[in-house]
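This briefing covers one protein chain and is meant to be read beside its structure. The topics are domain layout, one domain interface, an annotated region, backbone geometry and salt bridges.

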Amino acid sequence: MYDVVIIGAGVVGCATARELSKYKLKTLVLEKESDVCSGTSKANSAIIHAGFDAKPGTLKGKLNAEANKMFDKLAEELEFNFKRNGSLVLCFDENDMDKLYDLKKRGEDNGVPNLKVLSGDEVREMEPYVTDDVVAALYAPTGGIVCPFNLTIALAENANVNGVEFRFNSKVKDIKKDKSNFKVFVNDEEIDTRMIVNAAGLYSDVINSFVSEDKFTINPRRGEYNLFDKYAGDIAKCTLFQLPTKLGKGVLVSPTVDGNIIVGPNAVDIYDKEDLSTTREGLDDIIEKALLSVKSLPGNLIITSFTGLRARTDRDDFIIGEPKDAKGFVNAASIESPGLTSSPAIAIMVKDIIIERLKPEENKNFNPKRNAIKRFNDMSIEEKREAIKNNHHYGTIVCRCEMVTEGEILEAINRPLGATDLDGIKRRTRAGSGRCQCGFCVTRIMEILNGEKKIPLSKITKFGRRSNILDGKPKEYL
Ligand SMILES: Cc1cc2nc3c(=O)[nH]c(=O)nc-3n(C[C@H](O)[C@H](O)[C@H](O)COP(=O)(O)OP(=O)(O)OC[C@H]3O[C@@H](n4cnc5c(N)ncnc54)[C@H](O)[C@@H]3O)c2cc1C
């Protein structure tokens with residue numbers, strides 16, 4: 001019997017797992033995909049929002065502002081990439097100044113510190129690529145950027161070493177109440193648990209409907225992005241949002257924490273929760289909108305495009321807590337933006353509900369620290385020499401775009417909750433994240449996975465399921 005089963009290993013499930021690992025609880029995370037961070041947490045703008053956007057009084061407003069303040073300590077403890085680069089909401093029309101001041105007031109009501117309205121010239125002094133159309137901007141110095149994979153993986157690894165169990169390729173198919181406990185049906189197994197956390201993202205409506213009559217529906221809303229090579233990296237230092245205009249909500253232009261530029265997203269309602277395709281019109285549309293903010297964008301430096309799916313409900317806020325008719329079942333559902341930012345505060349809110357009910361002892365052995373894989377590319381010459389001397393695998397570069405060594409890839413495979421597929425290695429090391437997008441290093445990485453995990457080459461996948469790279473031995477084609 002588990003004390004808690006968490007359904008979903010996105011940022012919310014993993015942050016909750018880490019919070020629960022501070023207590024003596026037998027906790028299990030069930031994830032239908034082959035790795036953590038395989039849902040919406042892997043495809044978003046990666047902004048740690050300051051917290052001026054959500055309406056005061058909502059959970060989004062409260063938890064965003066609370067969580068923003070937690071990131072410095074969290075990044076230090078868990079060694080994930082995080083930077084407070086600040087954000088600017090650009091205003092393009094003098095007639096919209098009231099809206100900019102309304103946003104500032106909203107932020108202040110949410111408790112966001114140091115908000116300031118800047119003139120167009122002050123903005124251009126900070127950000128030389130910003131267009132002459134910008135008349136003013138709301139500056140939020142506490143806005144930040146993060147690597148969403150690093151964040152989610154770090155939370156999961158730390159939860160795991162502190163005692164939380166993770167099972168992948170484990171899709172929850174049904175849940176039945178069993179007196180005061182629950183039976184969770186996964187693959188061909190029944191798992192008994194005292195409490196459940198529903199952190200299933202786009203599928204949290206389905207999971208909720210297994211136990212409660214208080215139903216809601218998650219509708220996917222597509223957001224498309226273009227990601228630019230690091231050579232485009234000086235186009236923006238802050239995250240550049242747009243004040244909504246008559247033409248719509250606008251898109252952002254932002255540096256990523258790894259030095260790329262990201263542009264997007266649009267917002268298109270779709271029906272299929274698995275449809276991660278991009279569209280020509282969508283990608284063109286976001287570039288056109290972004291050119292309101294910055295003078296030019298080098299189309300030849302786009303290295304990849306992708307889609308993220310927002311988990312929208314008609315409730316227009318996070319749904320966190322136990323439905324009246326399902327005590328012991330805690331929803332962390334409808335976690336749209338700013339869900340990545342809010343995740344540490346959502347986790348505390350969910351943990352409080354659980355400890356109130358189960359009254360567990362504290363885990364005195366809880367270790368808040370997690371060491372990241374040290375990046376060869378970020379090391380000084382002396383550190384590089386030392387790394388190679390200690391481990392010769394650091395002397396072999398596998399991914400030339402991002403300068404990732406064999407040593408880092410081996411560590412990504414062999415650490416807690418290690419990578420088992422190409423995307424898992426990419427998200428832990430950046431091998432394959434550069435300009436060639438794995439074009440050159442895919443075969444080397446496959447060989448390393450094959451040697452280390454004894455996975456046959458034909459069984460190696462990009463991201464589990466049926467994403468095999470080969471469907472036979474290459475020579476069989478001849
Ligand atoms: C376009 C876009 C831009 C965004 N930008 C930002 C931003 O800049 N800043 C910000 O703060 N937020 C942003 N967000 C929101 C943020 O990404 C999400 O709020 C957050 O990632 C949600 O995390 P989650 O853990 O709830 O969901 P997910 O990451 O989707 O995790 C849910 C997990 O549950 C698993 N699962 C589902 N069903 C089952 C089942 N039956 N059994 C087992 N496992 C299951 C899934 O496979 C998945 O891994 C953005 C979102 C989008 C789409």
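The points below describe a predicted model, starting with its domains and ending with its salt bridges.

The domain assignment divides the protein chain into three parts, of which domain 1 (1-82 + 144-217 + 313-372) and domain 2 (87-141 + 219-310) are each written as several segments, while domain 3 is given as 376-477. The interface described here is that of domain 1 and domain 3, which bury about 1200 Å² between them.

**Interface of domain 1 and domain 3: extent**

- The C-alpha centres of domain 1 and domain 3 are 29 Å apart.
- On the domain 1 side, 19 residues make contact with 11 residues of domain 3.
- Of the area buried between domain 1 and domain 3, about 1200 Å², carbon and sulfur atoms account for 46%.
- Ser34, Asp35 and Glu157 together provide 36% of what domain 1 buries against domain 3, more than any other three residues.

**Interface of domain 1 and domain 3: polar and charged pairs**

- The rule finds 3 salt bridges across the interface of domain 1 and domain 3.
- Asp35 and Arg428 form a salt bridge through their side chains, with an N to O distance of 2.8 Å.
- Asp35 is listed in domain 1 and Arg428 in domain 3, since their numbers fall in 1-82 and 376-477 under the domain assignment.
- Between domain 1 and domain 3, 6 residue pairs are in polar contact, with both residues at pLDDT 80 or more.
- Helix α6 (residues 148-161) contributes 7 residues to the side of domain 1 that touches domain 3, the most of any element there.
- That side of domain 1 is made up of 9 nonpolar, 5 polar and 5 charged residues.

**Annotated region**

- An unreviewed UniProt entry lists residues 397-450 as "domain: BFD-like [2Fe-2S]-binding".
- Residues 397-450 are 48% helix and 9% strand.
- The end C-alpha atoms of residues 397-450 are 18 Å apart.

**Backbone geometry**

- Most peptide bonds are trans, and most residues other than glycine have a negative phi.
- The Gly264 to Pro265 peptide bond is cis, with omega near -15°.
- Pro265 sits in the loop that runs between β16 (261-264) and β17 (268-269).
- A cis peptide bond also joins Ser337 to Pro338, with omega near 10°.
- Pro338 belongs to the loop between β20 (329-333) and α9 (339-358).
- Glu79, which is not a glycine, has a positive phi of about 50°.
- Glu79 is placed in the loop between α3 (71-78) and β4 (82-83).

**Salt bridges in the whole structure**

- Searching the whole structure gives 48 salt bridges.
- One pairs the side chains of Lys62 and Glu66, at 3.0 Å from N to O.
- Lys62 and Glu66 are both part of helix α2 (residues 59-68), where 4 residues, about one turn of the helix, separate their positions.

Technical notes:
Residues are numbered from 1 along each chain as its sequence is written. This is a predicted model: local features need pLDDT of at least 70, side-chain atom pairs count only at pLDDT 80 or more; totals for chains, interfaces and linings use all residues. Side-chain values use heavy atoms; hydrogens and water are left out. Contact means heavy atoms within 4.5 Å. Buried area is the accessible area (1.4 Å probe) that two parts lose on being put together, summed over both. A salt bridge is a side-chain nitrogen of Lys or Arg within 4 Å of a carboxyl oxygen of Asp or Glu. A polar contact is a pair of N or O atoms within 3.5 Å; within protein, one must be able to donate a hydrogen and the other to accept it, and residues adjacent in sequence count only if both atoms are side-chain atoms. Helices (H or I, at least four residues) and strands (E, at least two) are DSSP runs, numbered from the N terminus. Ala, Val, Leu, Ile, Met, Phe, Trp, Tyr, Cys and Pro count as nonpolar, Asp, Glu, Lys and Arg as charged, and the others, Gly among them, as polar. UniProt positions are given in the numbering used here, feature names are shortened, and annotations may be inferred rather than shown by experiment.
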